[in-house]
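Biologist: I would like to learn how to read a structure like this one. Could we go through it feature by feature?

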Amino acid sequence: MSRNAHLYAFPAVAVLLLGLPFAVSNEFYLKVMFLAGVYYVAAAGFNVLVGYAGQKSLGHAGLYAAGAYTAALLTAKLGWNPWVAFFAAGVVAGVFGIVIALPSLRVKGPSLAMVTIGFGIVIEKIATEWSDVFGGQAGIHSVLPLRLGAEPFAMRDWVLFVFLLGLITHLLMRSLLSGKYGRAFLAVHTAEVAAESVGVSVYRFKVIAFIVSAVTCGLAGALVAQQNQYINSDFITFGLSIFFLLVVLFGGGGSIYGPLLGAIVLTMVDAFLARWPHLQHFVYGALLLFALYAMPDGLAGALRGIGRKIFPRLHERPPVPTAVAEWQLQRSELLHKEAPLLEAKGLYKAYGGVVPTNDVSIAIRTGHVHSLIGPNGAGKTTLLNILSGIVPPDRGTIVFNGADITELVSNQICRLGIGRTFQNLKLFADMTVLDNVLLGQHPHMDVGFWPCMLGLRSASRQEREAREEALRILDFLGLLDKANEIAGSLPYGLQRRLEMARALATHPKLLLLDEPAAGLNPQETHELIGVIARVRDKGITVLLIEHHMDLVMAISDHVIVLDYGAKIAEGAPAQVQANPKVIAAYLGEESEEPAAPAVQPRPAVA
Amino acid sequence: MEAILQAVLSGLALGGVYALVALGFNITNNTTKTLNFGQGEFLVAGAFIGVTLVLVLSGKGHTGVLQPEDVTIVKYLTGLAAILVVLGILGVFLYYTAVRPFVGAAGLAWVMSTIGFGIIIQNTALGIWGPAPLAIPSPLGNEVIRVAGAGILPQEILIFVVSIVVMVALDLVLRKTKIGKAVRAVAHNKNAAALMGINVPAIVILAFVVSSCLAGLGGLLIAPVTTASVFMGLVLALKAFSAAIIGGLDNPRGCILGGFMLGLIESLIGLWHAELREISIFVLIIIVLVFKPEGLLGRKIVEKV
Amino acid sequence: MNYARRVLVAALAALPLALAAAPANAQDIKIGYNSDQSGGGAAEHGLSGRYGVEAAVEDINKAGGVLGRKIVLVNRDDTGQPPKSIQNMNELIDSEKVVAVIGPTNSGNALAWLHLPQQKKIPVISHVATATEITRRYEKEAKNYIFRVSMVDREQIALLAAYAVKASKSKKIALIADSTGYGQGGVKDATEILKLHGVTPVANEKFQPKDTDMTSQLSKVKTSGADVLIVYALADANANLMKSMEKMNFFPVTVGSWANLATPFVNIAGKKLAENLIFAASVTETSNERAKALNARILAKEKNLPIFVCAAQGYDSMMILAAAIKKAGSTDGEKIRDALEAIDGVQGVIKTYNKPFSKTDHEGLGVADFRLAKWKDGKVVDFEDAIAKSLTAADLKK
């Protein structure tokens with residue numbers, strides 16, 4: 001929903017919601033409303049993990065349990081104040097969120113499912129078996145409910161409280177997800193390697209997503225335990241984990257309103273089919289399948305589609321200006337102007353018997369355009385991967401701008417000032433062009449988690465500034481008019497340019513381009529020469545891998561040649577062209593003669 | 001001492017069932033990079049169809065009670081035949097409704113769809129047979145066989161033998177026959193296999209049929225030991241899945257190894273501290289996945305950037 | 001895609017309409033029934049109980065109802081799960097506005113929602129759930145709303161413990177139970193009662209309700225040297241316990257609860273193995289004329305009655321409740337409750353209830369109504385051996 005629409009809609013909805021419990025006197029209906037609210041709170045956080053960060057956890061019943069049992073034990077066994085216990089439940093659940101996050105960081109797909117399932121089951125079993133502490137299936141009674149003064153909450157009070165909590169959660173999540181964090185989570189979901197290359201620490205964001213989802217699920221558990229004044233291990237089942245996932249998927253992951261829709265619909269289905277328990281489960285299975293076929297974006301996606309047709313104004317993105325100021329690259333000064341910007345010594349990498357990088361040493365001079373050429377399989381991309389931190393070298397050192405970066409990972413290297421593009425495009429295809437570039441701004445948007453979530457002015461200011469700069473970068477590369485389009489819908493040549501825009505947004509000192517001309521037609525290749533020259537004129541050092549010899553010859557100040565993982569020649573373009581070793585390496589692969597750069601570029605034959 | 005032997009024997013029998021189901025996961029994972037998260041319910045379906053057929057052949061209704069003399073080897077095998085047919089059909093159905101629409105789609109939609117399919121099967125079974133477990137005496141009799149003081153049921157020996165035979169047979173088929181080679185080709189590279197003239201969709205369907213039949217067979221084998229209950233599928237499938245992940249989801253021998261290992265570990269830990277049985281298995285899985293995400297015998301996939 | 005969406009919206013809109021099911025006449029008296037009828041080990045108890053209650057409702061309505069109004073039973077299946085059972089109670093009390101509830105089947109479920117009827121002043125008669133705590137939790141309060149017409153664990157265990165102590169040559173008795181509120185409650189009662197006999201259990205093992213292999217727990221029992229085993233769990237688990245015993249060739253004298261009346265016990269364990277367990281029972285379908293009549297009648301209607309005693313208890317609970325409403329002259333929960341404590345001379349299937357309840361005693365049945373039984377050749381028969389015959393009232397410490 002656009003900002004203005006939300007500004008009016010939210011207070012109206014809030015008033016409606018808080019008035020609703022007073023209009024209903026049937027306590028059972030109130031209980032259903034309470035449950036809907038509880039599941040919304042859980043799902044809103046869970047959506048961050050599943051819908052945004054894309055980590056499908058099947059074990060969040062365990063986090064719900066962590067919150068529920070914390071509240072239960074603190075009040076029933078230790079007599080703590082129920083409010084303190086309630087908030088403590090959120091904190092404890094958050095800690096458990098870290099526990100489940102750590103093993104989940106390194107695995108994907110079915111293995112991730114397995115790790116999370118395992119976690120959920122272990123928690124369930126501990127609650128069942130360690131009955132001295134957790135009461136097992138007999139459970140814990142006399143859990144203290146929340147109270148105002150001496151009176152414990154009546155059902156209506158619970159509903160009001162949960163609705164209030166829900167409204168707050170909505171605001172917090174909306175604020176968190178509409179800016180830097182939301183984009184970063186989506187990036188982690190779509191393309192982890194690309195995310196790292198723009199300074200997003202995939203590990204850190206996965207852990208944050210786990211923690212957020214854990215806190216909300218834990219609070220949901222505490223609410224249920226305190227309202228029932230009872231908890232036992234039967235509340236914690238694999239079915240509950242599936243239910244959370246169903247709420248998010250059915251409602252629509254990746255949307256703020258998805259969890260809301262999912263929670264309302266599914267809680268009502270749950271409550272009103274309760275008298276026919278097996279029909280109820282059957283309906284879940286059917287709903288799941290139905291949601292997957294008919295509404296892959298969930299209810300929210302389907303309604304958004306309808307809404308766009310009926311109320312187009314509701315969903316407009318802020319319009320793109322037709323002209324912007326010229327992009328000025330601002331970044332910290334280089335440490336050593338005269339010394340090489342980057343110096344790599346003795347890099348070595350082997351994969352079993354294959355050695356793509358065999359004792360390679362290179363030096364990159366500030367302000368120059370360097371090219372890395374060589375036959376296919378010479379190890380060029382591997383070298384780039386080593387320099388940008390995606391692949392750790394077995395041996396050797398890399399010093400960049402005075403600092404040793406050999407041991408650093410991608411996102412750290414990006415922050416120090418190395419940006420890159422990829423041979424196989426790694427755009428965030430489902431996001432807009434503008435969002436892609438905004439992601440590139442990530443490494444120097446230093447506003448923290450809390451300011452973002454609380455929507456503080458510092459966060460919105462930084463967001464505005466980043467947006468303005470992103471538009472200028474797009475203009476610099478001739479993409480301004482496409483800013484609100486979906487990245488994946490652009491023609492191939494423009495997608496490549498977008499990737500470069502994204503890399504430029506990181507304010508790199510050194511820009512690594514991996515085959516920027518691949519797949520471009522001759523016209524586009526010619527334009528690319530101009531683009532690279534403009535980038536260099538902004539003060540950015542460039543290292544590019546290319547097969548298009550005319551591009552290489554036209555733009556490079558310095559050429560490095562690799563063959564079978566070793567550096568066989570380097571120097572000025574003309575020198576390298578004439579080098580017999582180079583000619584021998586290319587013999588039979590390039591059909592054009594190494595002549596002086598022709599005005600008419602011919603496509604490479606490789 | 002005999003308690004340990006007891007645990008080992010029971011563990012091997014249980015492990016046989018895990019290995020069969022794990023092998024089913026391996027086959028579909030290799031050919032389509034998906035697996036049936038509702039596999040447990042297929043196991044349940046297998047058990048119930050088998051029991052019902054024997055009941056019907058013995059002249060009793062589908063919720064009758066089987067006496068030991070009712071369950072002859074002939075009827076048991078007929079039950080097996082029925083299972084293979086029905087589950088094969090279910091496997092095809094599963095593929096078309098829950099897997100094919102979502103293969104390659106981002107977001108693991110096939111996990112949810114196969115879970116949903118499983119839920120529907122479970123509730124259909126619940127509607128037909130009700131919640132009470134159905135007992136089926138073993139066709140080999142219920143007399144406990146004593147081995148050095150430890151007791152083992154003939155059915156447990158049957159499970160072990162059958163699972164070994166099936167696994168060896170599948171291994172031979174995969175390695176020595178033309179169709180086996182076709183399956184392995186599809187597993188390596190679908191497009192290349194298609195270009196070589198292999199009917200990839202047919203192979204994929206075959207994979208799902210075999211996988212479902214393995215689950216059904218597992219259900220029929222385990223029913224005389226643990227009774228057939230509509231609720232038994234989930235935990236069994238999760239354990240079999242864990243076995244596959246530990247052994248290496250993409251390696252059939254790994255899956256088998258994982259299955260037996262898990263059965264043994266579960267049994268031995270159960271002997272020591274019964275309540276830690278399941279906790280220990282799942283903690284073990286988490287640990288294995290952290291240190292060796294590809295499983296013990298799995299192959300590390302190097303992603304090309 | 002568009003079509004699917006429209007169908008979905010229409011379906012969701014129609015849902016609340018579809019759920020306004022046939023409402024009961026405003027004049028009718030609603031009684032809630034909240035029990036496990038499909039979950040597992042106790043489902044047969046819940047179903048049988050319901051058949052009994054329904055038969056009673058039929059008889060009452062045929063005779064003109066109570067206070068000139070018909071009785072309507074509002075049935076909810078809790079599938080044996082506490083969260084579901086709690087939700088059902090909420091619905092029955094707050095939405096359906098029942099005047100009383102009969103149920104549940106699972107003791108664990110009862111323990112989870114007891115505070116609800118107590119706080120809302122709705123009387124409850126437990127027609128199956130046997131955990132001792134159920135009627136005792138609120139006994140110190142001014143008004144206790146929970147009653148029971150069933151084989152309360154305390155009394156059952158009094159009988160079982162008395163037998164166990166006399167049957168044990170070494171005075172080494174072991175306990176084994178499931179992990180639910182039922183099993184663990186039984187263990188607590190057994191430990192206390194055995195103490196009254198001066199015996200401390202030498203082993204106390206636990207298993208999951210759905211476990212099928214108890215050889216590990218049994219080997220610990222064997223090591224402890226016990227020659228008598230008291231088991232507290234449901235029919236299917238008990239059957240698997242017997243099978244595990246057979247595997248180990250370890251057959252101590254085994255006594256258990258009435259749960260073993262359920263047919264899954266003999267179906268899973270097999271006729272021969274089932275004979276090894278001695279358990280507590282009360283009325284059977286052949287005990288008296290009314291029992292025979294009730295049994296025949298239910299079989300004619302439902303074709304299958306798994307556990308007769310639950311049907312009998314259900315029938316009697318409903319009759320007692322109806323009598324109390326009549327005596328109270330109103331459907332107010334508090335008045336019904338007070339009437340229950342005062343009621344006298346109600347004719348049930350199991351017996352005639354003469355002042356079954358008092359301020360301090362909310363148990364309709366006691367150990368005097370119980371005896372020992374076992375399965376023989378696929379049928380439940382009384383169990384009388386020398387030890388059983390020698391038991392006197394003094395032995396039945398509780």
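Modeller: Start with the two domains of chain A, keeping in mind that this is a predicted model. Seven residues of domain 1 of chain A are in contact with six residues of domain 2 of chain A. Domain 1 covers 3–237, and domain 2 is made of 340–417 + 508–606.

Biologist: How far apart do the C-alpha centres of domain 1 and domain 2 of chain A lie?

Modeller: The C-alpha centres of these two domains of chain A are 49 Å apart. On the side of domain 1 of chain A that touches domain 2 of chain A, three residues are nonpolar, three are polar and one is charged.

Biologist: And which parts make up the domains of chain C?

Modeller: In chain C, domain 1 takes in 27–151 + 287–365, while domain 2 takes in 154–281 + 371–395. Their C-alpha centres lie 28 Å apart. The contact uses 16 residues of domain 1 of chain C and 19 residues of domain 2 of chain C. On the domain 1 side, α2 and α4 (107–113) of chain C each supply at least two residues. The largest share, three residues, comes from α4(C). This side of domain 1 of chain C has seven nonpolar, seven polar and two charged residues.

Biologist: Next, contacts between chains. How many residues do chain B and chain A give to their contact?

Modeller: The size of an interface is often given as the accessible area lost when the parts come together. Here we can count residues instead. Chain B gives 35 residues to the contact and chain A gives 37 residues. On the chain B side, the elements that give two or more residues are α4 (109–129), α9 (233–247) and α11 (277–291) of chain B. The most comes from α4(B), with 12 residues. By class, the side of chain B that touches chain A has 27 nonpolar, six polar and two charged residues.

Biologist: What is the make-up by class of the side of chain C that touches chain B?

Modeller: That side has five nonpolar, 11 polar and six charged residues. In this contact, 22 residues of chain C meet 19 residues of chain B. The elements of chain C that each supply at least two residues to it are α2 (43–62), β7 (203–207), α9 (215–224), α10 (235–248) and α11 (263–269).

Biologist: How should I describe a pair of packed helices?

Modeller: Two packed helices are described by the angle between their axes and the distance between the axes. Take helix α1 (residues 2–32) and helix α8 (residues 200–226) of chain B: their axes come within 9 Å and cross at roughly 170°. An angle over 145 degrees counts as roughly antiparallel, and α1(B) and α8(B) are therefore roughly antiparallel to each other. Residues in the contact include B:Val17, B:Leu20 and B:Gly24 of α1(B), and B:Ala207, B:Ser211 and B:Leu214 of α8(B). By class, this contact has 15 nonpolar, six polar and no charged residues.

Biologist: At what angle do helix α12 and helix α14 of chain A pack?

Modeller: Helix α12 (residues 258–272) and helix α14 (residues 298–310) of chain A pack at about 115°, with axes 7 Å apart. That makes α12(A) roughly perpendicular to α14(A). The crossing is right-handed. It is A:Gly258, A:Leu261, A:Gly262 and A:Val265 of α12(A) that meet A:Gly298, A:Leu299 and A:Ala300 of α14(A). Four of these contact residues are nonpolar, three are polar and none is charged.

Biologist: Last, sheets. What is the order of the strands in the open sheet of chain A?

Modeller: Strands of a sheet pair through backbone hydrogen bonds, either parallel or antiparallel. The open sheet of chain A has four strands in the order β4-β3-β6-β7, with antiparallel pairing. The edge strands, β4 (354–364) and β7 (403–404) of chain A, each pair on one side only. Helix α15 (residues 380–388) of chain A packs on the sheet, touching β3 (342–351), β4 and β6 of chain A.

Biologist: How many bridges join β3(A) to β4(A)?

Modeller: Seven bridges join β3(A) to β4(A), and A:Tyr348 stands opposite A:Asn358 of β4(A). Their hairpin has two residues between the strands, and in it A:Gly352 takes a positive phi near 60°. Five bridges join β3(A) to β6(A), where A:Glu343 has A:Val399 as its bridge partner. Two bridges join β6 (residues 395–400) of chain A to β7(A), and there A:Val399 is partnered by A:Asp404.

Conventions
Residues numbered from 1 in each chain as written. Chains lettered and ligands numbered in written order. Predicted model: local features only at pLDDT ≥ 70, side-chain atom pairs only at ≥ 80, totals over all residues. Axes fitted to C-alpha atoms, helices over the stretch in contact; angles between N-to-C directions. Parallel < 35°, antiparallel > 145°, perpendicular 65-115°, else oblique. Contact = placed C-beta atoms within 7 Å. Nonpolar A, V, L, I, M, F, W, Y, C, P; charged D, E, K, R; others polar. Domains from an automatic or database assignment. Left-handed = near helix turned anticlockwise from the far one by under 90°. Pairing = 2+ DSSP bridges.
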